[in-house]
Amino acid sequence: MRERISNRFQQHFPVLHQDLHHLYANRFADEHAFALWLMDLLSITGSSIAQRPASLLELDQQRSEDTQWFTKENMLGYCCYVDRFAGDLKGVQQRIPHLQELGVTYLHLLPFLKARAGENDGGFAVADFDAVEPRLGTMQDLEQTCNALRQAGISLCSDFILNHVADDHPWAVAAKNGDARYRDYFYHYPNRNKPDAFEKNLGQVFPQVAPGNFSYVSDMQAWVWTTFYPYQWDLNYRNPAVFADMAAALLRLANRGVEAFRLDSTAFLWKRAGTKCMNQPEAHQILQALRSLVDIAAPGVLLKAEAIVETAELPAYLGSNNEAQATRECHLAYHSSLMAASWVALAEQDTSLIRHVVAATPALPAQSSWLTYVRCHDDIGWNVLRPEASLEAEDVQQRLARVSRFYSGDNSYARGQSFQASDANAVHGTVGMASALAGFSSAQSIEEKYLARQRLVLLYGLSFCFGGMPLIYMGDELAQANDEAYQHIAAQAADSRWLHRPVWDENLYQQRHDSLSHTGAVFNAICHMLQVRKQLPQLAATAPRQLLTQASPAVLAFMRGSAVQPLLYLANFSENSVTIDISELLAGYDIPAQAWVNQLDRLDAGATVTLTAYAQLWLTQKNNSGAQA
């Protein structure tokens, strides 16, 4: 064991030292003082390793020997709130059979650490990194839940809010009480001069309910940086003590059994005057340093970047394969622009925007994977698509505003709501459950419900085939509807994202095997696709992807795998049937002429194929499918 740890240290310490020296050396009086600080950090890391349970040390070793374990075609994520899904952490353990039925290997439980009293942004305002929210359980319950999930082959993912803490976190309380050490854990200014200068370039996350990026705190007689809500204070990562304390908190949770961390708001970690204060080089160095620490102390743990940024900015959060200086950052990153573009394609019945996004998505760096998804607990943010939308003639603002109105039910089948938009022409986000956005809530006839189901299954099929770890958002597998009840709950009424944060519907769950119900049809279709996916190595995250050109604007076509063992993904995003000539589609590709078979129904496909409304095909060559027995 000592030799393994020593080898990990020898491998990853140089990068750790380089990143931390660049970030923090100038914060110390001299190199000796920096070295002492670094030694303290390494001492914390060493203590974490010494305290790591034997079962987790064994997991570390297994995953060190199979570094691509999380990129395989059998990986599947599931995301939910603890209380909405199961009441508390003990209840989550009772839901494990459902997760196993789907084939889940990765469970993201949305914030369950002790949150701010009162408003807390759905738990994202953390008051204590070392305690569970009391109504959800205890740290002992967390450890037991992690163990139960691990026994079922499921890794637990916890949110780890890197960018900010609640205003009642002990650090913030100490700062308000005048402790100079902890005041420097936050950005604070005696007047509006610097905040006003920063604001000239900053965006706004919640422009309607929390405008601006600074809040006046009377206890501090200062303006505090608050990117999100006034009660969420941005951490000052220019202070090396902040990095050390946050890293230590993460490692403590890893020793509790948490196997993955969703690093929240990673794009905002470093502030620089004259910029949007997003995606700064130092933010990436912070993440790279955290990755190095995890690789040394807990290599069985995954880091996931929550960076809802434009496509061009996304790959950096995974690192790079740059020959001159390869970098390792997060293992996973949300492909938010792919998600948003897939909804645009449905609204427009045109895949031009999603094809631009796919074309702009580079090959993955080593030991990394996209996280592909249809919905999550947050809104669909349309602004990440501006660069791709600008490649076409239509005015970007008008186009995205039209899509936003579409999903708000403006002369459409969708039944969502606009999020943080001041008028009909504003562009920010859309809220709503996937089933409601796909048309279930408005459907009256059997045909309309069938089309809604086709749309929902189509989007999940894309997430399963694109290349990455797909994620199911709780309730989507049951076609669960919007939850309008939030409007009558004082703590939720001001945040319409609660529209798509429903409580688990046991009645729908009991219908999941009823093929005559729409819930059963959706559940069976999703489970079937997942079973097929497990048999297709072409759908592993590491398998190459090639966008294919074809005539119909409604069709998205790409190839996964190699010319020797290809899989063709064909999807029709329109309500009209489309016919495709496969030989024309593959013109210029050195692929042997063989018959094709659709893996979804095991039926042969001819030289031409017809895609009905919102249909998809997963085609492999009949005599060389790559499917496992």
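This is a walk through a predicted model, with stops at a sheet, a salt bridge, two pockets and a cavity.

**Stop 1: the open sheet**

Select the strands β21, β22, β23, β28, β25 and β26. Taken in that order, these six strands form an open sheet with antiparallel pairing. Colour β21 (545-547) and β26 (603-605) separately. Each of these two stands at an edge with a single partner strand, so one side of each has no neighbour in the sheet. Looking along the sheet, the twist from one strand to the next averages 30°.

Now keep β21 in view and add β22, residues 555-561. The two strands run antiparallel and are joined by three bridges. To find the register, show R545 and look across to β22: the residue opposite is R560.

Next add helix α14, residues 352-360. This helix lies across β21 and β22, and its direction makes an angle of about 140° with β21.

**Stop 2: a salt bridge between distant parts of the chain**

Select E259 and R63 and show their side chains. Side chains of opposite charge can pair when their charged atoms come close. Here E259 and R63 form a salt bridge, with 2.9 Å between the closest N and O atoms. E259 sits in the loop between α11 (240-256) and β11 (260-264), while R63 belongs to helix α3 (residues 54-65), so the pair ties together parts that are 196 residues apart in sequence. Across the whole structure, the search finds 30 salt bridges.

**Stop 3: the largest pocket**

Select Q204, V205, F268, M278 and I308. Of the 47 residues that line the largest pocket, these five lie nearest its centre. The volume of this pocket is about 1000 Å³. Two elements, β11 and α13, give two or more residues to its lining. The largest share is three residues, and these come from α13. Colouring the lining by class gives 21 nonpolar, 13 polar and 13 charged residues.

**Stop 4: the second largest pocket**

Move to N120, D121, G122, A491 and W498. They are the residues nearest the centre of the second largest pocket, which has 29 lining residues. This pocket holds about 510 Å³ of space. Add α4 (82-86) and β3 (113-115) to the view, since each of them supplies at least two lining residues. The largest share, three residues, is from α4. By class, the lining of this pocket splits into 16 nonpolar, five polar and eight charged residues.

**Stop 5: the largest cavity**

How many cavities of 30 Å³ or more are there? The count is three. To see the largest cavity, select L338, M339, S342, Y373, V374, L459, L462 and S463, which line it. The space inside is about 40 Å³. Show α13 (336-348) and α18 (446-465) as ribbons: each supplies at least two residues of the lining. Which classes of residue make up the lining of this cavity? Six are nonpolar, two are polar and none is charged.

Helix α13 is worth leaving selected at the end of the tour. It supplies at least two residues to the lining of the largest cavity, and the largest share of the lining of the largest pocket also comes from α13.

Conventions: Residues numbered from 1 in each chain as written. Predicted model: local features only at pLDDT ≥ 70, side-chain atom pairs only at ≥ 80, totals over all residues. Heavy atoms only, no water. 1 Å grid on protein atoms, 1.4 Å probe; cavity = no way out; pocket = protein on both sides within 12 Å on 5 of 7 lines; lining within 4 Å. Points joined across faces, edges and corners; volume = space filled by probe spheres on them. Helix = DSSP H or I, 4+ residues; strand = E, 2+ residues; numbered from the N terminus. Nonpolar A, V, L, I, M, F, W, Y, C, P; charged D, E, K, R; others polar. Pairing = 2+ DSSP bridges. Axes fitted to C-alpha atoms, helices over the stretch in contact; angles between N-to-C directions. Contact = heavy atoms within 4.5 Å. Salt bridge = Lys/Arg side-chain N within 4 Å of Asp/Glu carboxyl O.
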